[in-house]
Every structure is written in structure tokens, then in C-alpha cells.
Amino acid sequence: MCTAATYQTKDFYFGRNLDYEFGYGETVTFTPRHYPFQLNGLGVLDQHYAILGMACVQNNYPLYYDAINEKGLCIAGLNFVGNAWYCKDEPGKDNVAQFELIPWLLGRCATVQDARTLLDRMNLVDTPFCEGMPVASLHWMIADNHECITLESTKDGLHVYDNPAGVLTNNPPFPMQLFALNNYMQLSPKATGNHFAPNVPLNAYSRGMGAMGLPGDLSSQSRFVRAAFVRANSRSGESEAESVSQFFHILGSVEQQRGCCELDNGKYEITLYTSCCNADKGIYYYTTYENSQITAVDMHKEDMDGTELVSYPLVKEQQIRWMK
């Protein structure tokens, strides 16, 4: 289960929580412009935009969970189990395997509008990355500093939805997630008056009562509502430090703590990492479950015209600063 969000101050920010019971050895991975992506149905893509994000690198191939490119386009893939549906190859279409979607779009598109154009002729297929690795059931949030969309491939076809909330979680399908916000339209960050019974002496006994009824559980629908409310009402200064800090607080409102979501065999779902990308500057920030100190990688400090992947293992140990 996961949550992704966008945020705009002076710069544009994009990121996600990855919630799961274990990791796959993911690293912050930089793909330079001339790294050769071997695309199953579309040949070799070896001239493309540089990409930076979180990936599980298998056989020297970056399987990106979320990433940005040098132009400021951002994508995150989130679990969509039970609803995701992929096709077989279709003649006359751009047949793109599910695991190729992020590098294919980020490698070729500078904007969401560019992505819309490519998606019009794309056929998302169920080709696995390798034998023994099942195809992940995902949907995607795609954004730049002008617009945000959600991409879902289901049994009734490929759907591209405008995403005015700027957030995405998991199930149900996106139109149902978005419609559910209607149930909370009365919530406010401001104190509210007595609308219940004007003749009854009711008083606000605490700050924050304007948001009473905001979901606090860990279900994907509740996380969608809570993240949308927090994002919409978040305020920060425009400096980089203030903006990044506020973005981590937005996703912190829906993070998962060990012990609160119990799975089989005594395992627990936790927020393995949280990312925050400054899409305008090409910087990838992250924290991990055990390390709340923010770590950053700047793509512009790498060889943008290179041919080799660059991976940074995650800093997972808690970094505690002692004053004495």
C-alpha cells in the first residue's frame, strides 16, 4: 500500500510513501541520457532524458518505483491489486511492458501533455521482466508543474484521469477515490460554528474541530482522503528547506507504523521509505523507516551524458545528533 502526492511552492515537488512489509534492495538510481534501455517491443532506447528515482536494479536494469526526469516530469507506480489488467501485444500499437512504462515515458516526455500523446497509442502488456518475477499490479500518478493525471489499465481499457487532488493511493479505482471526497466537503482547517442545533449551547472545546470526521485509519481510501485534505491545506515558506520539510509532513500524515497493520506470519506493513523530489531542480530526497534524517541526491552532479547506471544504497540507520 502506498501514497503519492504533489506540492507546489516556488518549485514543484513530487513524492511518495512506499508501504510494504519488506524491501527488494531498492536504491536511489540515476540513469544518464545514453544508458541503453532494451524495450521488448520497441527496440533500444539509448537517447533519452536523464532519470533519477528509487529502483530495484535487476540484471543492470532499473525497475523504477518512482522517478523524475531532467525536464521535471514525475511518475510513481502504486499497488492496484485486483483491478490492474494488462493486455497482449497488439499490431499497430506501441506495446509497452508494465515494467517499461516509467523509463519509456520519462525517457521520451518532457511534460504530462507529451505523456498523454504517447499514451494515446500505447498498449500496456503483461510481459514479465524475467521468469519467476510476476507482473506487478499497479496504477500510476504522472505529474509536472502544470497538471497531474492518474493512469489505470483495467479490464475495460486504458484510462487517463485528470487528478485535481494531486494525490493517489491504491484501491478502489481512481474515480471512486475522487468521488469519496464529496463526503468530506464540509471539513475545514478553520474553527466552525454551531450548525447542529442553533438553540443548543454547543461550543468548540478544542482547536482543530473543523476537521472532525477526517479519516485516520490506514486503509487506502482513508489515506487518500486524509492526504488530499492535508496537501490542500498545507502552507509553507518558499525556501527549499521549508518546502521539503512541509512535503515530508504531508506524507507523514499517512505513514504506517510497525504494529498497526498486521499481515500473515507476524509481519507488519510499514512505510519503508518516503521520497520528495524537487522536480524543477532534479533533486531526490528520501527518509527510511529507521532513519528520519533526510538524504539527498542531485542528478545534475552526475554525468548526464553517460551510459552507466549510478546507484546509491539507502541510508537506513538512524542518524542521531548528540549535543554533548
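This is a short walk through a predicted model, from its six-stranded sheet to its cysteines.

Start with the sheet. Strands of a sheet pair through backbone hydrogen bonds, either parallel or antiparallel. Here six strands form an open sheet, and the pairing is antiparallel. Read across it, the order is E14-E1-E2-E15-E16-E17. The edges are strand E14 (167-168) and strand E17 (295-298), and each of these pairs on one side only. Inside the sheet, look at strand E1 (residues 2-8) and strand E2 (residues 12-20). Seven bridges join E1 to E2, and the two strands run antiparallel. Find Tyr7, and you will see Tyr13 of E2 standing opposite.

A helix covers part of this sheet. Helix H5 (residues 240-252) packs on the sheet and touches E1, E2, strand E15 (270-278) and strand E16 (283-288). The direction of H5 makes about 35 degrees with that of E2.

Now move to helix H4 (residues 220-233). H4 has 14 residues. From its first C-alpha to its last, H4 reaches 20 Å, close to the 20 Å expected at 1.5 Å a residue. Which residues of H4 are buried? They are Ser220, Ser222, Arg223, Phe224, Val225, Ala227, Ala228, Phe229 and Val230. These buried residues pack against E1, E2, E14, helix H3 (174-179) and H5. So H4 meets three strands you have already visited: E1, E2 and E14. Next comes strand E7 (residues 61-69). Nine of the nine residues of E7 are buried, so the strand is largely enclosed by the rest of the structure. E7 has strand partners too. Strand E6 (residues 51-58) pairs with E7 in the antiparallel sense, over eight bridges. One of the residues to look for is Val57, whose bridge partner in E7 is Pro62. E6 and E7 make a hairpin with two residues between the strands. In this hairpin, Asn59 takes a positive phi near 50 degrees.

E7 also pairs with strand E8 (residues 74-79), through three bridges, and these strands run antiparallel. Asp66 has Ala76 in E8 as its bridge partner. E7 and E8 form a hairpin as well, with four residues between them. Gly72 sits in the turn and has a positive phi of about 100 degrees.

Stay with E7 and turn to the rings. A pair of aromatic rings is described by the distance of the centres and the angle of the planes. The model has ten aromatic pairs. Take Phe37 and Tyr61. Their ring centres are 5.7 Å apart and their planes are at 75 degrees, so the pair is edge-to-face. Phe37 lies in strand E4 (residues 37-39) and Tyr61 in E7, so the pair ties together parts that are 24 residues apart in sequence. Both Phe37 and Tyr61 are buried. They belong to one aromatic cluster, formed by Tyr35, Phe37, Tyr61, Phe99 and Phe129.

Finish with the cysteines. A disulfide is a covalent bond between the sulfur atoms of two cysteines. How many disulfides does the model have? The count is zero. Why is Cys148 not bonded to Cys74? The closest cysteine sulfur to that of Cys148 is in Cys74, but it is 9.2 Å away, too far for a bond. Cys277 also has its closest cysteine sulfur in Cys74, at 6.3 Å, and this too is too far for a bond. Cys148 is buried, with a relative accessible area of 11%. Cys277 is buried as well, with a relative accessible area of 1%.

Definitions and conventions:
Residues are numbered from 1 along each chain as its sequence is written. This is a predicted model: local features need pLDDT of at least 70, side-chain atom pairs count only at pLDDT 80 or more; totals for chains, interfaces and linings use all residues. Side-chain values use heavy atoms; hydrogens and water are left out. Two strands pair if DSSP finds at least two bridges between them. Contact means heavy atoms within 4.5 Å. Axes are lines fitted to C-alpha atoms, for helices over the stretch in contact, and angles run from 0 to 180 degrees between N-to-C directions. Rings of Phe, Tyr and Trp (its six-membered ring) pair if their centres lie within 6.5 Å; planes under 30 degrees apart count as stacked, over 60 as edge-to-face and the rest as tilted. Buried means under 20% relative accessible area, exposed over 50%, partly exposed in between (1.4 Å probe, protein chains only). A disulfide is a pair of cysteine sulfur atoms within 2.5 Å. The expected span of a helix is 1.5 Å times one less than its number of residues.
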